[in-house]
Amino acid sequence: MAILAPASFGRLTVPSRAQVRVRVSASANPRTSVDWVKETSSFFEQDKRPIMLFDGVCNLCNGGVKFVRDHDHNRSIRFEALQSEAGKKLLMRSGRAPDDISSVVLVEKDRSYVKSEAVLKIMKYIDLPFPQLAFFLQFSPLFVRDFLYENVANNRYALFGRSDSCEI
């Protein structure tokens, strides 16, 4: 379940601590509530760079991570597999289910991005000409971008295969 910010056009905001506690309490043990923002705040204490969450066994996703690393000469982005413990915690911080591997997610200290919004945001962090390309792509309607994204994402294993383990 995603919490969309008003007029944010698909951007996810990091839910407030109360929202995360309520959501986790409702879906998990009612006596256990976890503050996922607080639980994951250590990920941003020493290193403020955003974290790209990706499907660690997807060949397309691993190729995407390699592409970003090759074109991120300033090392602006960190990487974490969605299937890792840290990845699951960051998914919860982003208001998503911990087992949701359906989309790349970019987690910044104060907000998260999914699907095509995550891809555009990642493009803004890497080397030229990708920030400029992202600038122009942002003017295409979100529903069109996400439709294209979802079609590739839903067929990524059939089109590109999968690995037995995370290569990154």
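The largest pocket of a predicted model is described here, followed by helix H5 and its residue Lys124.

The largest pocket has a volume of about 730 Å³. Its lining comprises 30 residues, and those closest to the pocket centre are Leu60, Val104, Val119, Tyr149 and Val152. By residue class, the lining divides into 22 nonpolar, 5 polar and 3 charged residues. Several secondary-structure elements each supply at least two lining residues: strand E2 (51-54), helix H3 (59-70), helix H5 (115-125), helix H6 (130-137) and helix H7 (142-154).

Helix H5, one of the elements that supply the pocket lining, also contains buried residues, namely Ser116, Glu117, Ala118, Leu120, Ile122 and Met123. The cover over the buried residues of H5 includes strands E2, E4 (105-107) and E5 (111-114), together with helices H3, H6 and H7. Of these covering elements, E2, H3, H6 and H7 are also among the contributors to the lining of the largest pocket.

Lys124 is likewise found in helix H5. Its relative accessible area is 38%, which lies between the 20% limit for buried and the 50% limit for exposed residues, and Lys124 is therefore classed as partly exposed. When neighbours within four places in sequence are left aside, Lys124 is in contact with Pro131, Ala134 and Gln138. Ala134 lies 10 residues from Lys124 along the chain, and the C-alpha atoms of the two residues are separated by 6.4 Å.

Notes: Residues numbered from 1 in each chain as written. Predicted model: local features only at pLDDT ≥ 70, side-chain atom pairs only at ≥ 80, totals over all residues. Heavy atoms only, no water. 1 Å grid on protein atoms, 1.4 Å probe; cavity = no way out; pocket = protein on both sides within 12 Å on 5 of 7 lines; lining within 4 Å. Points joined across faces, edges and corners; volume = space filled by probe spheres on them. Helix = DSSP H or I, 4+ residues; strand = E, 2+ residues; numbered from the N terminus. Nonpolar A, V, L, I, M, F, W, Y, C, P; charged D, E, K, R; others polar. Buried < 20%, exposed > 50% of the residue type's maximum accessible area, 1.4 Å probe, protein only. Contact = heavy atoms within 4.5 Å.
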